[in-house]
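This report describes a single protein chain, moving from selected loops and helices to the chain as a whole. The sequence and the structure are shown below.

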Amino acid sequence: MALMNDVVQLNKKALFRLDSGAQFGLGHVMRSKSLADALLSLQIECTFACRYLHSAAAISGHQLMMIADEDEFLALAKAYDVIIIDHYDYYSELFFSLSQLENTVLVILDDECNRGQLYADVIINPSLHASALDYKHMAADACLLLGLEYSLLRAIFTRESPLAFEQRESIVITLGGSDVTALTLPLLNAMLNINSILMSYKVVVVTGKGCAEQQKIAEFCQQRGLCHYHDVKNMAVLFCSAIFAISAAGSTAFELAYCGVPAVFAVVADNQLLSMRKLSQADWCEMVDCRKQNQPELILTKAQAMLSDLPQLERASQKARTLIDGQGAERIALLLSKKITAAQ
């Protein structure tokens, strides 16, 4: 077991289980890191246990333990006050094993309530549709933290002030930390071929640490005069000055809503579908299902329709800003701190 990122030892300890990289998305790393930062502010030491992690810098300020398998994780978990699972491969059997640990609070960051009995003390699902899921049956005794008030927003966003709508001049295209369906290049090609209305704005293309086509995208943008950034540390600055975005679905949707950026979202994973359907019904964004095949033309059609009506786009921006207050991580951290104290 490798131990990295030493921090000051505190009395209470939280252990996160997640992975990221080619097989796993990066959005859950960001939301878990947001919660860990809020817990640390309450003097709760946080450790991330991973088999795969795209970058240790992604969880800076916290400890990282690289583990070999789930048996090692279960042995490790015995020493912690709270266990937080944000991992799509965890199902009932593992949840049950963790629930048997004495004086330990088990927390599950969930999306769809589709993994059988959850055996958790706390369930977190910040999606709009979460209250309609069958958590009362799957986790009868759990404290349920459901809905947008529990959105896990990174602190960098709450420190930024979005520009007034009329001052915004850019469009951000960001297809996730990994761009798992390789959508960015087809989208850019389609955008240039149809002479899209998007080209009347400053187009900012962002690629993440796990993007396999980063170099090709960088060369494409340089040749066509598009702005390209890779592995951006502060997306809040870009979002707060954007009038519109094309984005992968996931936790980025909450960040764009907080910054008041109307968007078209590409759904690339099953766990994103229900959440994005509900968000798109809130009159500030559109979605396109790209799980089976990329649909760059449909994405651009929806984007052009939204950008062609600026008064409606401004109303969408205002609506988006009413959805997320940016205090979700602090709310959850405070509740977990009380749960830990009660369990000791």
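## The loop between E6 and E7

Glycine 116 is located in the loop that runs between strands E6 and E7 of this predicted model. Its relative accessibility is 27%, and glycine 116 is therefore classed as partly exposed, the class between buried (under 20%) and exposed (over 50%). Once residues up to four places away in sequence are set aside, glycine 116 touches Ser92 and Met138. Alanine 139 is 23 residues from glycine 116 in sequence, and the two C-alpha atoms are 9.1 Å apart in space.

Tyrosine 119 also belongs to the loop between strand E6 (105–109) and strand E7 (122–125). The phi angle of tyrosine 119 is positive, near 55°, in a residue other than glycine. With a relative accessibility of 36%, tyrosine 119 counts as partly exposed.

## Helix H6 and its flanks

Ahead of H6, the loop that begins after strand E9 (170–174) contains aspartate 179. Although aspartate 179 is not a glycine, its phi is positive, at about 50°. Aspartate 179 has a relative accessible area of 8%; since this is under 20%, the residue is buried.

Within H6, the buried residues are Thr184, Leu185, Leu187, Leu188, Ala190 and Met191. Their cover includes the strands E9, E10 and E12 (242–248), together with the helices H7 and H11 (296–307). After H6 comes asparagine 195, which has a positive phi near 55°.

## The two faces of helix H7

Helix H7 spans residues 214–224, and Ile217, Ala218, Phe220 and Cys221 are buried in it. These residues lie on the same side of H7, because the arc they cover around the axis is only 165°. The opposite character is found on the face turned away from this buried side, where Lys216, Gln222 and Gln223 are exposed.

The buried residues of H7 pack against helix H6 (184–193), strand E10 (202–207) and strand E11 (227–230). Just after H7, glycine 225 adopts a positive phi of about 75°.

## Strand E12 and the loop before E13

Serine 247 is a residue of strand E12. Its relative accessible area is 1%, which places serine 247 among the buried residues. Beyond the residues up to four places away in sequence, serine 247 touches Thr174, Leu175, Thr252, Leu256, Val264, Phe265 and Ala266.

Valine 261 lies in the loop that joins helix H9 (252–258) to strand E13 (263–267). At 0% relative accessibility, valine 261 counts as buried. Neighbours within four places in sequence aside, the contacts of valine 261 are Arg168, Phe239, Ala242, Ile243, Phe244, Ala245, Leu256 and Trp284. One of these partners, Phe239, is 22 residues from valine 261 in sequence, with 7.0 Å between the C-alpha atoms.

## Strand E4

Methionine 66 is part of strand E4, which covers residues 63–66. Its relative accessible area of 23% makes methionine 66 partly exposed. Cysteine 50 is 16 residues away from methionine 66 in sequence, while the C-alpha atoms of the two are 5.1 Å apart in space.

## The chain as a whole

The chain contains 13 helices and 14 strands. Its radius of gyration is 20 Å, close to the 20 Å that the globule rule gives for 344 residues, so the chain is as compact as a globular protein of that length. Along the principal axes, the C-alpha atoms fill a box of roughly 60 × 35 × 35 Å. Of the 344 residues, 55% count as buried. Among the contacts with a separation of 6 or more, 61% join residues 24 or more positions apart.

The accessible surface of the chain amounts to about 14700 Å², and carbon and sulfur atoms account for 48% of this area. There are 28 positive and 37 negative side chains, and the centres of these two sets lie 3 Å apart.

Notes. Residues are numbered from 1 along each chain as its sequence is written. This is a predicted model: local features need pLDDT of at least 70, side-chain atom pairs count only at pLDDT 80 or more; totals for chains, interfaces and linings use all residues. Side-chain values use heavy atoms; hydrogens and water are left out. Helices (H or I, at least four residues) and strands (E, at least two) are DSSP runs, numbered from the N terminus. The radius of gyration is taken over C-alpha atoms; the globule rule is 2.2 Å times the number of residues to the power 0.38. Buried means under 20% relative accessible area, exposed over 50%, partly exposed in between (1.4 Å probe, protein chains only). Contact means heavy atoms within 4.5 Å. Accessible areas come from the Shrake-Rupley method with a 1.4 Å probe; for residues, only the protein chains shown count as cover. Lys and Arg count as positive and Asp and Glu as negative; His and the chain ends are not counted. The place of a charge is taken as NZ of Lys, CZ of Arg, CG of Asp or CD of Glu. The arc is that of the directions from the helix axis to the C-beta atoms.
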